[in-house]
Amino acid sequence: MRLDDGRLVPTFVRQALAGEPLTIHGEGTQTRSFCYIDDLIEGLWLLIHRGPNEPVSPGNDEEMTVADLAAVVVQVTGRPYGVRNIDRPVDDPGKRRPSLASASGLLAGARSPR
C-alpha cells in the first residue's frame, strides 16, 4: 500500500515514522479486520477455480480495535507517539468483519497448486 492512500495501516505507519501523533477517529473502539495479501490472493484463486458463481467474502474474521492497531504500529516502528482523536465520520462503521461462512465451506481442505 502507498503511504498516502488514506487507508488506516499506511496512514498510521506514515505518521509514526514522521514522529506525528496517530490520528484516530473517535475513541478507537471501532474494529477492523486485516488479512495478509498472499492469503487473500490464494483464497481468491481457489474460489475462482472451485467456487460457485455467487458472492463470497474472503478475508479475515478476527477483529482488532483501531486503538490496538495504533499500539502495534508504535511497537513495530519503535517510535514514541501521541494520539490525536478527531470526530468520527457519520458513515464510519463500528465493525468491519467479513462473514467467512460461504468461503470457509467452499475452501475447506483446498490447497492451491503453488
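A residue counts as buried here when its relative accessible area is under 20%, as exposed when over 50%, and as partly exposed in between, using a 1.4 Å probe and protein chains only. By that rule, 23% of the 114 residues of the chain are buried.

Before you start clicking, note that this is a predicted model, in which local features need pLDDT of at least 70, side-chain atom pairs count only at pLDDT 80 or more, and totals for chains, interfaces and linings use all residues. Residues are numbered from 1 along each chain as its sequence is written, and side-chain values use heavy atoms, with hydrogens and water left out.

**Stop 1: the whole chain**

Show the cartoon and you will find four helices and four strands; helices are DSSP runs of H or I with at least four residues, strands are runs of E with at least two, and both are numbered from the N terminus. From start to end they follow the pattern α-β-β-α-β-α-β-α. Switch to a surface: the chain exposes about 7800 Å², with 52% of it supplied by carbon and sulfur atoms; these areas come from the Shrake-Rupley method with a 1.4 Å probe, and for residues only the protein chains shown count as cover. Contact, from here on, means heavy atoms within 4.5 Å. Among contacts in the chain with a separation of 6 or more, residues 24 or more positions apart account for 84%.

**Stop 2: the core**

Select F12, A16, L22, I24, V66, L69, A70, V73 and V74, and you have the largest nonpolar core, with nine residues. Such a core is a set of buried Ala, Val, Leu, Ile, Met, Phe, Trp, Tyr and Cys residues joined through side-chain atoms within 4.5 Å. Colour by element of structure: α1, β1 and α3 each supply at least two residues of this core. The largest share, five residues, comes from α3.

**Stop 3: helix α3**

Next, select residues 66-77, which form α3. Its twelve residues should span 16 Å at 1.5 Å a residue, and the end C-alpha atoms are 16 Å apart, which agrees; the expected span is 1.5 Å times one less than the number of residues. Which residues of α3 are buried? They are V66, L69, A70, V73 and V74. Look down the axis of α3 and these buried residues fall within an arc of 140°, so they line one face of the helix; the arc is that of the directions from the helix axis to the C-beta atoms. They pack against α1 (8-17), β1, β2 and β3 (64-65). On the face turned away from the buried side are the exposed residues Q75 and V76. Just after α3, G78 has a positive phi of about 70°.

**Stop 4: the start of α3 and the loop beside β1**

Zoom in on V66. Leaving aside neighbours within four places in sequence, V66 is in contact with L8, F12, I24, G28, Q30 and R32. With the same kind of neighbours left aside, A67 is in contact with I24, E27 and G28. A67 has a relative accessible area of 31%, so it is partly exposed. D68 also counts as partly exposed, at 45% relative accessibility, and its C-alpha atom is 8.0 Å from that of G28, 40 residues apart along the chain.

Now select Q30, in the loop between β1 (22-25) and β2 (31-32). Is Q30 buried or exposed? At 3% relative accessibility, Q30 counts as buried. A polar atom of the Q30 side chain lies 3.4 Å from the backbone nitrogen of G28.

**Stop 5: N85 in strand β4**

Move to N85, in strand β4 (residues 83-86). This residue is partly exposed, at 41% relative accessible area. N85 and H25 are 60 residues apart in sequence, yet 5.7 Å apart from C-alpha to C-alpha. Not counting residues up to four places away, N85 touches I24, G26 and E27. Draw a distance from the N85 side chain to the backbone oxygen of G26 and you will read 2.6 Å.

**Stop 6: helix α2**

Finish with α2 (residues 37-50): its 14 residues should span 20 Å at 1.5 Å a residue, and its end C-alpha atoms are 20 Å apart, which agrees. The buried residues here are G43, L46 and L47. Down the axis of α2 they fall within an arc of 100°, so they line one face of the helix. Turn to the face away from that buried side to meet the exposed residues I37, D38, I48 and H49.

Conventions. A polar contact is a pair of N or O atoms within 3.5 Å; within protein, one must be able to donate a hydrogen and the other to accept it, and residues adjacent in sequence count only if both atoms are side-chain atoms.
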